[in-house]
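Me: I have a new structure open and would like to learn how to read it. Could you walk me through it, step by step?

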Amino acid sequence: MGRIATASSHTPVNLRADEVFRRLIDSVREYAILVVDPDGQIASWNFGAERLYGYKSEEVIGKPFNILYTEADLKAHKPAHELEIAARTGHFENEGWRVRKGGSRFSANVITTRLTDDAGNLIGFGEVTRDLTEHRQSELRYRLLVEGVMDYAIFSMDPTGHITSWNVGAERIKGYAADEIIGRHFSAFYTPEDRAKGLPEHVLETAKSRGHFEGEGWRVRKDGSRFWASVVVTALRDDEGGLYGFSKVTRDMTDRKRLLDELQRHAEELELRIAEREESNAELEAFAYSVSHDLRAPLRAVTGFTEALAEDYAGSFDKRGREYLNDITSAAARMSLLVQDLLEYGRVSRVSIPLETVSVLKAVEDAAKEVSKEARERLTLTIAPDLVVVAHGRVLTQIISNLLSNAFKFQAKDVVPDVRVFAASLDSVVRISIADNGIGIAPEHQERIWNIFERLHDRDAYAGTGIGLAIVKRAVTRLRGTYGVDSEVGKGSTFWLELPRAQQAETRNYA
Ligand code: ADP
């Protein structure tokens, strides 16, 4: 094994340690490890060297190590030069070509280390060689990949922001050829306003302190035109953490930005129109409210005089006259109901509804008082007395009262009404359900019945104004609750609403 093996093998113990060490070096596959005499002859040759260079150890031991170099390196006296530096400084590292048995080359990283004996005399050199072919290839592949990317501008900068590399994507997006821009500062891509604000410096500072910077904004092409860029700048650091530059990936998002702006404009326009509509709706509602309000007095007069007419002069009318009188009375009654419902609808839309803790049972019992005595006997309440919601007592009663009156009204002629009200706590809400055994509602109508004046039957079948459910909808929404109906034609309907559950002990107002 040349001089190394003989230099320190004095005792049997050492011999064994040397042997182990030699085997270790021998068994390394990934690195060629060889020892070169001070005069440049190969003195030992491990298994990795056999693999890498293709020579068996008996073929090379004793041969000059410069057989591993290219012609060009030999001409430049590299082998001797490298040994000379290693002898002088203790160490030499180099990347370059090495030659295999048969003449093929590979890219190698070689570390040459000076070996001395205990007295400091040079006894040779250790050489560790690593094959960089794969590394080089992946580097090349990476470079080709980056260079070929068209959709992204990918370039690198030195730590001060001067451009050091430039791909075709960058050329396409920004308009500069590589030789025009390499060496220039990347702030060239920023608008004068952004430059004045110090944005380029901020970008580098952020990348430096946080590892990367991400952002979107207007950037400037070579011809002065602007494009909307999505940018990622990454700080590049070596193994010791030293900053050696930045990479920057920029994407042209102008089309997307235009689309988004357009969408935004549409959304704003829509909002404006909705606001306008809401405003005109509110005006219409206010108008309807005041008209209904003003209709009350003449209506009272009509009703009053019709009653007086019926009481004092009914005898003077013939059958036809009495029929007309009846028609006037019932039309006036209908109108009075309509005015009353419209006023109610206006009120629930307009008045302020301060929220408070309301007992569900109390609200339902109050509503039940408004249905006829006969109906009340067909009503079952299943509600825990301590169940409380965040609502408004009078408004909740009004909601339930409307639903109860519908539940008793929309019944088939020959059916005995069975109406049940129950309430259950579900997480943070309480669901109050009003279930009837009435005529039911076909699925295709279940949505529109909530609209004002929407009715599924004519007046002769079931009296009504078509305002009740619109009041329920408006009132529940104003209580910040939700509502709905489950129904099947011929089987009955369950109208429900959900309101925020209140804490038992809570007595404060939610206004
Ligand atoms: P109104 O009761 O004055 O007709 P509503 O707004 O209260 O008006 O109800 C709208 C329509 O929804 C009713 O005309 C009816 O067709 C339907 N509806 C409401 N409640 C029920 C119910 N419990 N069962 C069946 N249909 C119902």
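Reply: Gladly! This is a predicted model. Let's begin at the ligand: a polar side-chain atom of Asn-406 lies 2.8 Å from an oxygen atom of the ligand.

Me: Which other residues make polar contacts like that, and at what distance is an oxygen atom of the ligand from Arg-455?

Reply: For Arg-455, an N or O atom of the side chain is 2.7 Å from a ligand oxygen atom. Gly-468 uses its backbone instead: a polar atom there is 3.3 Å from an oxygen atom of the ligand.

Me: How much of the ligand does the protein bury?

Reply: The general idea is that the size of an interface is often given as the accessible area lost when the parts come together. Here the ligand taken alone exposes 530 Å², and the protein buries 98% of that. The ligand is surrounded by 21 residues, with Asn-406, Asp-436, Arg-455, Gly-466 and Leu-469 the closest.

Me: Now helix 13: how far apart are its end C-alpha atoms?

Reply: They are 46 Å apart, which agrees with the expected span, because 32 residues (319–350) at 1.5 Å a residue should span 46 Å.

Me: Which residues of helix 13 are buried, and what do they pack against?

Reply: In general, an α-helix has 3.6 residues a turn, so residues three or four places apart point the same way. Among the buried residues of helix 13 are Gly-321, Leu-325, Ala-332 and Val-339. The helix's buried residues pack against helix 12 (254–313), helix 16 (393–409) and helix 17 (468–478).

Me: And where are the domains?

Reply: The domain assignment gives domain 1 (2–131), domain 2 (137–252), domain 3 (260–348) and domain 4 (353–500). The centres of domain 2 and domain 3 are 69 Å apart, taken over C-alpha atoms.

Conventions:
Residues numbered from 1 in each chain as written. Predicted model: local features only at pLDDT ≥ 70, side-chain atom pairs only at ≥ 80, totals over all residues. Heavy atoms only, no water. Helix = DSSP H or I, 4+ residues; strand = E, 2+ residues; numbered from the N terminus. Expected span 1.5 Å × (residues − 1). Buried < 20%, exposed > 50% of the residue type's maximum accessible area, 1.4 Å probe, protein only. Contact = heavy atoms within 4.5 Å. Domains from an automatic or database assignment. Near = heavy atom within 4 Å. Polar contact = N/O pair within 3.5 Å; in protein donor to acceptor, adjacent residues only side chain to side chain. Areas by Shrake-Rupley, 256 points an atom, 1.4 Å probe, with all protein chains shown as cover.
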